[in-house]
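User: I would like to learn how to read the features of a protein model. Can we go through them one at a time?

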Amino acid sequence: MYFKCGELEAAKSIFSVKSEKNTVSWTAIISGYIQNGLDEEALRYFSDMRMAGVSPDRATFSSVLSASSSLALLGLGKQLHSSSFRLGISSNVFVGSALLDMYAKCGCLEDIRRAFEEIPAPNIVSWNALVTAYGQNGRAKDAMKVFDEMISRGMQPDSVTFLGILSACSHAGLVEEGMEYFDAMEEPRKEHYACVVDLLGRVGRLDEVERLLMKMSFDPDEIIWNSVLNSCRKHGKDDDLARRAAQKLFAMDLGDAAPYVIMSNIHSRAGRWEEAAGMKKMMRDRGMRKETGCSWVEVKEKIYVFSSDDETNPRIGEIRMKLEELGAEMEKAGYHPDTSYALRNVDDNGMKAEALKRHSERLAIGFALISTPAGSRIRVMKNLRACGDCHEAIKLISKIVGREITVRDTSRFHHFKDGICSCGDFW
């Protein structure tokens with residue numbers, strides 16, 4: 001009760017005075033921290049639980065796997081998989097679904113279906129996890145096959161199923177297919193409309209986005225307006241719609257600098273320098289700062305975190321030297337930095353190009369390259385959406401170093417191999 005009310009200290013106090021802590025009470029505090037977005041704290045309690053000699057059950061494993069999924073801790077996830085197998089509960093439908101979700105969020109495509117097949121009687125949660133997993137990893141066609149398969153097995157899709165398949169179509173640019181799924185729904189919710197707005201906006205069909213916004217029986221929320229604004233930025237058209245989306249987001253007072261930065265870029269690209277400067281001034285006046293991007297990479301079951309403004313890593317010199325070496329080879333291959341993605345408040349393109357080199361995902365990749373065996377796969381997670389310039393750079397890096405590189409951002413997975421990304425440059 002206290003956890004669900006956000007009273008973390010009260011919940012912790014009750015747990016600490018409990019003289020006999022059993023599996024149920026340990027699981028309650030672990031899942032409570034996870035519900036409040038404190039996955040690392042939950043994992044610390046799981047470690048304490050094991051040290052106390054208390055055996056986890058199916059509910060515990062489902063919760064802890066959820067935490068490892070959120071943090072993309074593949075090493076821990078595999079350990080939990082082994083432990084659940086030894087305890088004979090890995091085939092439980094809830095543990096199995098959590099395992100599937102963990103492998104999906106760690107970008108392990110080869111393990112997703114295998115985890116699903118280990119569940120003797122998959123329920124709607126399991127099927128939804130599989131549909132979503134393929135969609136997040138750029139396998140829209142596979143997601144559609146799973147959708148058809150679950151129906152052929154007598155499973156009725158629910159709102160979560162449709163959300164997963166619409167998202168998969170959106171990320172793959174499958175407009176006609178996505179609209180067929182949407183039209184098949186009896187009562188679409190706001191999140192489904194958000195997916196369709198994103199689906200149409202990604203391919204530049206902004207007139208249809210406008211009509212859909214007028215058709216909705218509810219007011220668009222920040223997710224929908226952010227999607228509209230990003231679509232306008234991507235396709236460089238319909239400034240009136242972009243202005244309207246930005247004004248709606250400004251009025252919501254979300255404390256998010258992104259709409260101001262995007263509108264500043266839209267104005268700059270159109271040569272409206274005074275309006276671009278006005279956006280930056282408005283952002284400063286409201287005390288907003290661009291959120292710092294950070295990326296983390298797992299090397300030998302340890303997590304290393306990087307941010308563009310962090311100089312504390314003892315190997316930062318080696319990392320930058322490695323990236324400079326790669327930069328020279330990338331230029332030979334035709335790479336030219338796209339400085340429109342450098343959101344620093346500077347006008348010098350050289351400084352902007354340097355800023356791009358310090359994006360956190362590149363630092364994480366550089367560290368992995370000097371810390372892991374040649375040819376091994378690199379997995380990087382990022383707290384923000386990857387920028388277009390980094391996307392182009394990582395494609396070239398994967399070809400130059402001959403490695404598979406997986407990057408998970410807040411939007412989806414990108415699997416880079418031999419200079420090609422699984423998203424097909426549509427994202």
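Analyst: Start with strand pairing. Two strands pair if DSSP finds at least two bridges between them. The model here is predicted. In it, β1 pairs with strand β3 (residues 378-382) in the antiparallel sense, over 3 bridges. One bridge partnership is Ser 295 with Lys 382 in β3.

User: Which strand does β1 (residues 294-299) join through 6 bridges?

Analyst: Strands of a sheet pair through backbone hydrogen bonds, either parallel or antiparallel. Here the partner is β2, and the two run antiparallel. Glu 298 stands opposite Ile 303 in β2. The two strands form a hairpin, with 2 residues between them.

User: In what order do the 6 strands of the open sheet lie?

Analyst: The order is β2-β1-β3-β4-β5-β6, with mixed pairing. β2 (302-307) and β6 (420-421) are the edge strands; each has a single partner, so one side of each lacks a neighbour in the sheet.

User: What is the sign of phi at Lys 300 and at Asp 418?

Analyst: Most residues other than glycine have a negative phi. Lys 300, in the turn of the β1-β2 hairpin, has a positive phi of about 50 degrees. Asp 418 is not a glycine, yet its phi is positive too, about 55 degrees. Asp 418 sits in the loop between β5 (413-417) and β6.

User: Is Thr 406 buried or exposed?

Analyst: The cut-off for buried is under 20% relative accessible area. Thr 406 has 3% relative accessibility, so it counts as buried. Its place is strand β4 (residues 405-408). Leaving out residues up to four places away in sequence, Thr 406 touches, among others, Gly 107, Ile 378, Val 380, Phe 413 and His 415.

User: Now the helices. How far does α8 reach from its first C-alpha to its last?

Analyst: Compare the reach with the expected rise of 1.5 Å a residue. Helix α8 (residues 124-136) has 13 residues and reaches 18 Å, close to the 18 Å expected. α10 has 14 residues and reaches 20 Å, close to the 20 Å expected.

User: Which residues of α8 are buried, and what covers them?

Analyst: An α-helix has 3.6 residues a turn, so residues three or four places apart point the same way. The buried residues of α8 include Trp 127, Leu 130, Val 131 and Tyr 134. Their cover includes α6 (93-105), α7 (109-117), α9 (140-152) and α10 (159-172). In α10, the buried residues include Phe 162, Ile 165, Leu 166 and Cys 169. The buried residues of α10 pack against α8, α9, α11 (175-183) and α12 (190-202).

User: What is found at the ends of α8 and α10?

Analyst: Look at each start, then at what follows. At the start of α8, a side-chain oxygen of Asn 123 comes to within 3.1 Å of the backbone nitrogen of Val 125. Asp 158 caps the N-terminal end of α10, with a side-chain oxygen 3.1 Å from the backbone nitrogen of Val 160. Gly 138 follows α8 and has a positive phi, near 75 degrees. Gly 173 comes just after α10, with a positive phi of about 75 degrees.

User: Which residues does the UniProt annotation "repeat: PPR" cover?

Analyst: The record, an unreviewed entry, gives residues 22-56, 123-157 and 256-290. Check such a span against the model. Residues 22-56 are 74% helix and 0% strand, and the end C-alpha atoms lie 9 Å apart. Residues 123-157 are 74% helix and 0% strand, with end C-alpha atoms 11 Å apart.

Note on methods
Residues numbered from 1 in each chain as written. Predicted model: local features only at pLDDT ≥ 70, side-chain atom pairs only at ≥ 80, totals over all residues. Heavy atoms only, no water. Helix = DSSP H or I, 4+ residues; strand = E, 2+ residues; numbered from the N terminus. UniProt positions renumbered as here; feature names shortened; annotations may be inferred. Expected span 1.5 Å × (residues − 1). Buried < 20%, exposed > 50% of the residue type's maximum accessible area, 1.4 Å probe, protein only. Contact = heavy atoms within 4.5 Å. Polar contact = N/O pair within 3.5 Å; in protein donor to acceptor, adjacent residues only side chain to side chain.
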